[in-house]
Amino acid sequence: MIVISGFSGAGKGTLMKRLLSDYDEFALSISMTSRGMREGEANGREYFFVSREEFEAAIKAGKLLEHAEYCGNYYGTPKEYVETKLKEGKNVILEIEVQGAMQIRKKFPKALLLYVTPPSIAELEKRLKKRGTETDEVIKRRLTQAKTEVDFVDDYDYLVINDDLDECVKEMYGIICASAFEIKRQDAFIYELHTELDKLNF
Ligand code: 5GP
């Protein structure tokens, strides 16, 4: 399981699209949200758009792996899709904010946590304005949110600076590949080594 977080406007969406189109081994989790649909979005593609009541029912029914409230809206990861894709052997990417990421870290200590930032806060502001889908009020709220979020960066495994899209995709792929060799992710194989060695009778 790979968690990718970053300030709103860091370019996560574009990065995810590239990772999925450039490499076969990834599946992107589609979240559930109670926020309104933006122009150009479709239900079941960017998100499953639901009402606050429907979202709360999903929490109660235990259907979400994690959930959080962000800028006044609920966001959460549906459990079933992630579990199916993990069983198929895919690396499942969760593009979620920090509170959800911390819940995943607790539940799945082997999940890889990446944080993406733009090269500067001035650049972040520029990107949010350029998006053209947000009001000034929402942009302000998202920048205020960034102030809170920055405190969580220390809890992630890697920080990636999204300065150049091609470079950033390659860097992220490199990190993901290398992380598979970390000792904590090889416990099944290490256990096998122990078992085989124990069988030797000298
Ligand atoms: P946006 O409204 O711009 O699509 O997303 C706002 C924030 O919610 C982003 O930081 C995004 O990563 C986060 N987010 C999207 N889906 C989920 C989710 O399932 N769980 C959590 N905790 N955050 C999410």
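## Close-up views of a predicted protein model

In total, this structure holds 15 salt bridges. Keep in mind that what you see is a predicted model.

**View 1. Here is the whole protein chain, with its 8 helices and 9 strands.** The C-alpha trace spans about 75 × 40 × 30 Å along its principal axes. There are 202 residues in the chain, and 40% of them are buried. Now take the contacts between residues with a separation of 6 or more: 67% of these come from residues 24 or more positions apart. The next views zoom in on some details.

**View 2. Arg18, Asp22 and Asp166 join up in a network of salt bridges.** Let's start with the pair inside one helix. Aspartate 22 and arginine 18 both belong to helix α1, and they sit 4 residues apart, about one turn of the helix. Why does that spacing help you read the picture? An α-helix has 3.6 residues a turn, so residues three or four places apart point the same way. The closest N and O atoms of the aspartate 22 and arginine 18 pair are 3.1 Å apart. Aspartate 22 counts as partly exposed because its relative accessibility is 39%. Arginine 18 is partly exposed too, at 22%. Arginine 18 also forms a salt bridge with aspartate 166, where the closest N and O atoms are 2.8 Å apart. Since arginine 18 is in helix α1 and aspartate 166 is in helix α7, this pair ties together parts that are 148 residues apart in sequence. As for aspartate 166, its relative accessibility of 41% makes it partly exposed.

**View 3. Another salt bridge joins the side chains of arginine 105 and aspartate 157, at 2.9 Å from N to O.** Which parts of the chain does this pair tie together? Arginine 105 is in helix α4 (residues 98-107), while aspartate 157 is in the loop between α6 (136-149) and β9, so the linked parts are 52 residues apart in sequence. Arginine 105 has a relative accessibility of 22%, so it counts as partly exposed. Aspartate 157 is partly exposed as well, with a relative accessible area of 29%.

**View 4. Helix α7 covers residues 165-179, which makes 15 residues.** How far apart should its ends be? At 1.5 Å a residue, the helix should span 21 Å, and the end C-alpha atoms are indeed 21 Å apart. Look for its buried residues: Cys168, Val169, Met172, Ile175, Ile176 and Ser179. These cover an arc of only 130° around the axis, so they are on the same side of α7. What covers them? The list includes the strands β1 (2-6), β2 (26-28), β7 (91-95), β8 (112-117) and β9 (158-161), along with helix α1 (12-22). At the start of α7, a side-chain oxygen of aspartate 164 comes within 3.3 Å of the backbone nitrogen of aspartate 166.

**View 5. The largest nonpolar core has 22 residues, and those with the most contacts inside it are Met1, Val3, Leu94, Ala101, Ile104, Leu113 and Tyr156.** The elements that each give two or more residues to this core are β7, α4, β8, α5 (121-131) and α6. Which element gives the largest share? That's α4, with 4 residues. There is a second, separate core of 18 residues, and Ile2, Phe26, Met172 and Ile175 are among them. As a rule, in soluble globular proteins, nonpolar side chains tend to be buried together. Back at tyrosine 156, look past residues up to four places away in sequence and you'll find that this side of the picture has plenty to trace: tyrosine 156 touches residues including Ser5, Ala101, Arg105 and Leu113.

**View 6. Arginine 185 lies in the loop between α7 and α8 (187-199).** Is this arginine buried or exposed? Its relative accessibility is 19%, so arginine 185 counts as buried. A polar atom of its side chain lies 3.1 Å from the backbone oxygen of serine 179. Setting aside neighbours within four places in sequence, arginine 185 is in contact with Lys110, Ala111, Leu112, Asp157, Ser179 and Ala180.

**View 7. Cysteine 71 has a positive phi of about 50°, although it is not a glycine.** You'll find cysteine 71 in the loop between β5 (64-70) and β6 (73-78). With a relative accessibility of 15%, cysteine 71 counts as buried.

Methods. Residues are numbered from 1 along each chain as its sequence is written. This is a predicted model: local features need pLDDT of at least 70, side-chain atom pairs count only at pLDDT 80 or more; totals for chains, interfaces and linings use all residues. Side-chain values use heavy atoms; hydrogens and water are left out. The expected span of a helix is 1.5 Å times one less than its number of residues. Buried means under 20% relative accessible area, exposed over 50%, partly exposed in between (1.4 Å probe, protein chains only). The arc is that of the directions from the helix axis to the C-beta atoms. Contact means heavy atoms within 4.5 Å. A polar contact is a pair of N or O atoms within 3.5 Å; within protein, one must be able to donate a hydrogen and the other to accept it, and residues adjacent in sequence count only if both atoms are side-chain atoms. A salt bridge is a side-chain nitrogen of Lys or Arg within 4 Å of a carboxyl oxygen of Asp or Glu. A nonpolar core is a set of buried Ala, Val, Leu, Ile, Met, Phe, Trp, Tyr and Cys residues joined through side-chain atoms within 4.5 Å.
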